[in-house]
Amino acid sequence: MKGPVVVLTGAGISAESGVPTFRGPDGLWRSFRPEELATPEAFARDPLLVWEWYDWRRQRIAACQPNPAHRVLAEMESVLPDFTLITQNVDGLHQAAGSRRVLELHGNIWRVRCTRCGQTREDRRVPLPELPPRCACGGLLRPDVVWFGEPLPAPVLEAAWEAAARCRWMLVIGTSALVQPAASLPIVAHRNGARLVEVNISDTPLTPLAEEVLRGPAAEILPRWWAARNPQKQVAGSRRQEA
Ligand code: OAD
């Protein structure tokens, strides 16, 4: 793979780790209504309800481990000279797999942010001892994630646009490509001449633009795809077997 490589991930990459997706047959948005749980209005109306839902999701994610697809991306970061990982996921599994630079478009479920003083900090306690949690300043804390109707963190989005506009390859893994602005990043990359590779168990609006469509679970497909493009790794692997 020559030239800058960008990877955009969505909930599907964490599916085999046991993290629920949003829009699949068992997706979260099948049993929960986003407008009751993932909007600033919902939080203003009923912070306890919103926090109970996030506390439940945090407990589920805490029981999950990164899978081989997350690990391949961490390896790609360490060997490719120009590599950018952009994720819509808030689960932190890329970092748990060893990825060091992750552009988190939708925030991180392990961070909290004060609605009064604006401070953010990591809080990995599960379950949280007090719901809704409060800041040292007395303000109400919220999950540091992006809710429907909210802008994405500007520096993160800018870095993502810039990387998408100049990449030669973009891998789009496990996203329904329905949520903006994330869904536009592969379109920008494609318009600027990048080769799109889609890894997904089903078709998405991006499928017609992709030069390579890899159908199946990311945790199986991605390690195979990467090994096929990385002969050094295959040689090293076979040497290890011979020894
Ligand atoms: P979705 O739940 O919308 O889509 C998950 C995608 O992953 C679908 O296209 C599935 O076909 C695919 N998929 C499922 N299992 C897979 C597997 N094992 N391997 C590969 N692909 C698989 O999730 P996102 O596209 O990430 O936003 O959703 C985007 C945003 O919508 C989320 O970040 C969240 C949500 O509302 C916020 O919370 C702001």
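This passage describes the ligand site of a predicted model, then a buried loop, a helix and two further loop positions. Residues are numbered from 1 along each chain as its sequence is written, and side-chain values use heavy atoms, with hydrogens and water left out. Because the model is predicted, local features need pLDDT of at least 70 and side-chain atom pairs count only at pLDDT 80 or more, while totals for chains, interfaces and linings use all residues.

The ligand is a good place to start. It is surrounded by 23 residues, where a residue counts as near if one of its heavy atoms lies within 4 Å of the molecule. The closest are Phe22, Arg23, Thr175, Ser176 and Asn200. Three of these place a polar atom beside a ligand oxygen. Phenylalanine 22 does so with a backbone N or O atom at 2.7 Å, arginine 23 with a polar side-chain atom at 2.7 Å, and asparagine 200 with a polar side-chain atom at 2.6 Å. The protein covers 91% of the 790 Å² of accessible area that the ligand has on its own, as computed by the Shrake-Rupley method with a 1.4 Å probe. The shell is made up of 10 nonpolar, 11 polar and 2 charged residues; here Ala, Val, Leu, Ile, Met, Phe, Trp, Tyr, Cys and Pro count as nonpolar, Asp, Glu, Lys and Arg as charged, and the others, Gly among them, as polar.

Attention turns next to the loop between strand E1 (5–9) and helix H1 (28–31), which holds serine 14 and also serine 17. Helices (H or I, at least four residues) and strands (E, at least two) are DSSP runs, numbered from the N terminus. Serine 14 has a relative accessible area of 1% and is therefore buried, a label that means under 20%, with exposed over 50% and partly exposed in between (1.4 Å probe, protein chains only). Serine 17, at 12%, is buried as well. The side chain of serine 14 makes a polar contact of 2.7 Å with the side chain of aspartate 91. Such a contact is a pair of N or O atoms within 3.5 Å; within protein, one must be able to donate a hydrogen and the other to accept it, and residues adjacent in sequence count only if both atoms are side-chain atoms. The side chain of serine 17 instead reaches the backbone oxygen of glutamine 65, at 2.7 Å. Beyond four places in sequence, the contacts (heavy atoms within 4.5 Å) of serine 14 include Asn67, His70 and Leu93, and those of serine 17 also include Asn67, His70 and Leu93.

Asparagine 67 has a further role in the model, capping the N-terminal end of H5 with a side-chain oxygen 2.8 Å from the backbone nitrogen of alanine 69. Helix H5 (residues 68–79) has 12 residues, and its end C-alpha atoms are 16 Å apart, in agreement with the expected 16 Å, which is 1.5 Å times one less than the number of residues. Its buried residues are Ala69, His70, Val72, Leu73, Ala74, Met76 and Glu77. They pack against E1, strand E2 (83–87), helix H6 (93–97), strand E7 (169–173) and helix H9 (218–228).

Two other loop residues complete the picture. Glycine 118, between strand E4 (107–114) and strand E5 (120–122), is partly exposed at 41% relative accessible area. Asparagine 230, between H9 and helix H10 (231–242), is buried at 12%.
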